[in-house]
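Colleague: Can you pull up the model we talked about? I have some questions on burial and pockets.

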Amino acid sequence: MPASRDRALLIGGLAAFAGGAVVARQRGVTQIEQRCFELVNGLSHRGYPLVWLPMQLGNLAGPLVVGAVLRATGHRRLGARVAAVGTVTWVAAKALKPVGRRGRPAHTVPATRVLGQAQAGLGYPSGHAAVAAATAAVVAPHLTRRARPVAWAVALAVGPMRGYVGAHLPLDVFGGVALGVALGAAAGPGDVGGCSRAERPSGQRARHGLRVAIWRGSTSSTARPTGDAAR
């Protein structure tokens with residue numbers, strides 16, 4: 001059962017996705033959204049080789065690779081959850097595209113520049129943005145405080161990258177992030193570090209053993225009778 005924070009993210013994410021879908025169903029693109037899209041899409045094409053690889057984090061292979069790396073480094077349960085949630089999010093984003101009924105930028109915004117392979121089908125929500133956000137939502141709670149913002153920054157950058165290559169509009173990205181956060185929160189916090197007690201790194205096992213030893217020592221000292229009581 002998700003914690004209260006996860007329930008709030010789940011409800012908030014689904015509400016944001018539904019609100020975005022209502023806007024996406026309307027005809028045309030607002031001037032603000034079009035300007036934001038053109039600002040990103042109009043950047044130099046020379047940056048395409050640099051954004052291609054991190055953009056794949058939002059592909060179906062992204063969470064599978066991240067999950068495999070986590071399992072290889074000893075975080076087997078967390079790796080399995082990342083792969084499972086990423087796959088479910090990818091399928092959900094594909095299945096929910098008819099809800100928005102919104103075309104790709106090439107069909108809605110004049111002079112859209114497409115880098116790489118042209119994307120077919122509907123645009124809302126962005127599957128790449130959804131998968132990347134879901135992956136971050138599952139992994140981030142198990143990272144250090146310094147690493148969490150980095151993980152979220154990388155995940156949230158996938159959406160603008162999709163606008164840069166001409167695959168999605170800003171509202172598509174918004175809906176994808178909302179859906180990904182909701183599904184990632186629905187997975188719940190999981191085990192500490194994504195591992196069972198036997199799978200924890202040696203440092204965590206040592207700290208756990210130290211706490212147990214201190215607790216046993218304190219309870220035994222309080223339970224031991226004093227000299228007067230023994231006599």
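Modeller: Here it is; note that this is a predicted model. To start with one residue, D172 has 0% relative accessibility, so D172 counts as buried, the cut-off being under 20%.

Colleague: Where is D172 placed?

Modeller: D172 sits in helix α9.

Colleague: And what is D172 in contact with, leaving aside its neighbours within four places in sequence?

Modeller: With those neighbours set aside, D172 contacts R102, G123, Y124, P125 and S126. For G123, the C-alpha atom lies 6.1 Å from that of D172, and the two residues are 49 residues apart along the chain.

Colleague: Switching to pockets. What volume does the largest pocket have?

Modeller: The volume of the largest pocket is about 310 Å³. It is lined by 16 residues, and R5, D6, L9, A137 and P141 are the closest to its centre.

Colleague: Which elements give two or more residues to that lining?

Modeller: Those are α1 (4–24), α7 (127–139), α8 (147–164) and α9 (170–186).

Colleague: How do the lining residues of the largest pocket divide?

Modeller: The lining has 10 nonpolar, two polar and four charged residues.

Colleague: How much space lies in the second largest pocket?

Modeller: About 200 Å³. The second largest pocket has 16 lining residues, with W52, M55, Q117, Q119 and R162 nearest its centre.

Colleague: Which helix gives the largest share of that lining?

Modeller: Helix α3 (residues 48–55) does, with three residues.

Colleague: And what is the lining of the second largest pocket by class?

Modeller: Eight nonpolar, seven polar and one charged.

Conventions. Residues numbered from 1 in each chain as written. Predicted model: local features only at pLDDT ≥ 70, side-chain atom pairs only at ≥ 80, totals over all residues. Heavy atoms only, no water. 1 Å grid on protein atoms, 1.4 Å probe; cavity = no way out; pocket = protein on both sides within 12 Å on 5 of 7 lines; lining within 4 Å. Points joined across faces, edges and corners; volume = space filled by probe spheres on them. Helix = DSSP H or I, 4+ residues; strand = E, 2+ residues; numbered from the N terminus. Nonpolar A, V, L, I, M, F, W, Y, C, P; charged D, E, K, R; others polar. Buried < 20%, exposed > 50% of the residue type's maximum accessible area, 1.4 Å probe, protein only. Contact = heavy atoms within 4.5 Å.
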